[in-house]
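New to this one? Have a look at the chain below, and then we'll walk through it together.

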Amino acid sequence: MNIRFTVNGNQIELATSPKKRLLDILRDDLDLIGTKEGCGKGECGACTVLINGSAVNSCLVPALQLANSHIVTIEGLRHWSSFASLERAYVEHGAVQCGFCTTGFVMSTAALLATAAPPLSIDQVKWQLAGNICRCTGYAKIVEAVMDLTQQPELVNQVKLDWQTAFGGK
Ligand code: FES
Ligand code: FES
């Protein structure tokens, strides 16, 4: 089948199997290897991307569901005005060790900040990140980093603006 969709603002037209996973399309066909494969079963969140304004496990999305969708990967998120603050928080709080899970966590963090109404409790942040698994950090540092971000109103507003630019009306 031929499908058309947008990735990081670029129009893509691809001839592919309807069953091919978005994760494989991103990594193998589009060379966007920032999105990682962990479990391949929708359980670890390493493959999280944003589709039409939702954080989604790309290992569970077949090509046939992609027509006319708008996708943002970590490579696209890097160009958001808010990205440097997200990156800084993860680094300053020591929330990255091997880094394998980090892409997924950062994508989920962007979704959390774009859709949540701070102040958030630690339990609310943990709940929002519950779909992402980290084998290294023990989670405390990641939760600290995200809590720090939720307590920066200007940054939260910037994420919401970036989100609106990426997905508004789509
Ligand atoms: S690789 Fe997709 S959820 Fe684990
Ligand atoms: S930093 Fe290694 S899996 Fe999370």
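How many disulfides does the structure hold? Zero. Keep in mind that this is a predicted model, so everything here is computed from it.

Two cysteines are still worth a glance. Anything under 20% relative accessible area counts as buried, and here is how they come out:

| Residue | Relative accessible area | Status |
|---|---|---|
| C44 | 13% | buried |
| C134 | 8% | buried |

They have plenty of company, since buried residues make up 48% of the 170 residues in the chain.

Now for the fold. The chain has seven helices and five strands. Starting at the N terminus, you go through β-β-α-β-β-β-α-α-α-α-α-α. The radius of gyration is 15 Å, close to the 15 Å that the globule rule gives for 170 residues, so the chain is as compact as a globular protein of that length. If you'd like its dimensions, the C-alpha trace spans about 45 × 35 × 20 Å along its principal axes.

What about contacts across the sequence? Take the contacts between residues at least 6 apart in sequence: 62% of them join residues at least 24 apart.

Finally, the outside and the charges. About 8600 Å² of the chain is exposed, and carbon and sulfur atoms supply 49% of that area. As for charged side chains, there are 14 positive and 15 negative ones. The centres of those two sets lie 4 Å apart.

Note on methods: Residues numbered from 1 in each chain as written. Chains lettered and ligands numbered in written order. Predicted model: local features only at pLDDT ≥ 70, side-chain atom pairs only at ≥ 80, totals over all residues. Heavy atoms only, no water. Disulfide = S-S within 2.5 Å. Buried < 20%, exposed > 50% of the residue type's maximum accessible area, 1.4 Å probe, protein only. Helix = DSSP H or I, 4+ residues; strand = E, 2+ residues; numbered from the N terminus. Rg over C-alpha atoms; globule rule 2.2 N^0.38 Å. Contact = heavy atoms within 4.5 Å. Areas by Shrake-Rupley, 256 points an atom, 1.4 Å probe, with all protein chains shown as cover. Lys, Arg positive; Asp, Glu negative; His and termini not counted. Charge placed at Lys NZ, Arg CZ, Asp CG, Glu CD.
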